[in-house]
Amino acid sequence: MHLKGSCHCGSVHFTVDSLHPYPFNRCYCSICRKTAGSGGYAINLGGDNTTLKVQGKQNISVYQAIISNAETGEQEESPAQRNFCQKCGSALWLWDPRWPDLVHPFASAIDTELPVPPERTHMMIGSKAAWVEVQTDANDKVFDLYPNESLAEWHQRLGLENREKH
């Protein structure tokens, strides 16, 4: 599916092709909640980084969160690069050099009508804010940390990869 996105003030516009456009995976971690969250979580999609086209690149800044290393407990900079508009602060996409072929646009920045997911995954519940109410439907899955399937695997399991609108 060809996605079009933008920031709130219109200084940045982008397009990207996505085989995984269903906005199903809600992340409640403190990084997502504080940098892109609405309702206490953020939703990102899967995109093909080679298709990302950006207008207004000069208006983009990158944030790399400081995280605790699981093995050493030391604080370190995450390699994940959260791209946002430096004028209005809109979260646009995340790119991580560990998976260079992928880009993860935030659903909140997408202007294209997205398909409605048949179920949702709620991840990082263990770090959600106390005020956040997790609203789940009967088929939703909830994880304290990470889900047991990737964006691609979720789409494949539900047979959604070949049904997207182009």
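## Strands and sheets

Two strands pair if DSSP finds at least two bridges between them. Helices (H or I, at least four residues) and strands (E, at least two) are themselves DSSP runs, numbered from the N terminus. As general background, strands of a sheet pair through backbone hydrogen bonds, either parallel or antiparallel.

The structure you see above is a predicted model, in which local features need pLDDT of at least 70 and side-chain atom pairs count only at pLDDT 80 or more, while totals for chains, interfaces and linings use all residues. Residues are numbered from 1 along each chain as its sequence is written, and side-chain values use heavy atoms, with hydrogens and water left out.

## A sheet of five strands

Let's start with the open sheet of 5 strands, whose order is 5-12-11-10-7 and whose pairing is antiparallel. Strand 5 and strand 7 (60-63) are its edges; each has a single partner strand, so one side of each has no neighbour in the sheet.

Inside this sheet, strand 11 (residues 91-95) meets strand 12 in the antiparallel sense over 2 bridges. You can find one pair of partners by looking at Leu94, whose bridge partner in strand 12 is His104.

## A sheet of three strands

Another open sheet has 3 strands in the order 1-2-6, again with antiparallel pairing. Its edge strands are strand 1 and strand 6 (53-55), each pairing on one side only. From one strand to the next, the twist averages 15° (axes are lines fitted to C-alpha atoms, for helices over the stretch in contact, and angles run from 0 to 180 degrees between N-to-C directions).

Strand 1 and strand 2 are antiparallel and share 5 bridges; Ser6 has His13 in strand 2 as its bridge partner. On the other side, 3 bridges join strand 2 to strand 6, and Thr15 has Lys53 in strand 6 as its bridge partner.

The hairpin of strand 1 and strand 2 has 6 residues between the strands, and Gly10 there takes a positive phi near 85°. Ser11 also sits in the loop between strand 1 (2-6) and strand 2 (13-17). Is Ser11 buried or exposed? Ser11 counts as buried because its relative accessibility is 18% (buried means under 20% relative accessible area, exposed over 50%, partly exposed in between, with a 1.4 Å probe and protein chains only). Not counting residues up to four places away in sequence, Ser11 touches Gln55, Gly56, Asn59, Cys85 and Lys87 (contact means heavy atoms within 4.5 Å).

## Two more buried residues

Ala36 belongs to helix 1 and is buried, at 15% relative accessibility. Leaving aside neighbours within four places in sequence, its contacts are Ile31, Tyr41, Ala42, Ala91 and Phe106.

Met124 lies in the loop between strand 13 (121-123) and strand 14 (141-142). Although Met124 is not a glycine, it has a positive phi of about 65°. Met124 is buried too, with a relative accessible area of 13%.

## The largest pocket

A pocket is an open set of points on a 1 Å grid over the protein atoms alone, where a 1.4 Å probe fits, with protein on both sides within 12 Å along at least five of seven lines; lining residues have an atom within 4 Å of a point. The largest pocket holds about 1300 Å³ of space, a volume being the space filled by probe spheres set on the points, which are joined across faces, edges and corners.

Which residues lie nearest its centre? They are Asp96, Arg98, Trp99, Met123 and Tyr146, out of 45 lining residues. Several elements each supply at least two residues of the lining, including helix 1 (30-36), strand 12 (102-105) and helix 2 (151-157). The lining divides into 24 nonpolar, 13 polar and 8 charged residues (Ala, Val, Leu, Ile, Met, Phe, Trp, Tyr, Cys and Pro count as nonpolar, Asp, Glu, Lys and Arg as charged, and the others, Gly among them, as polar).
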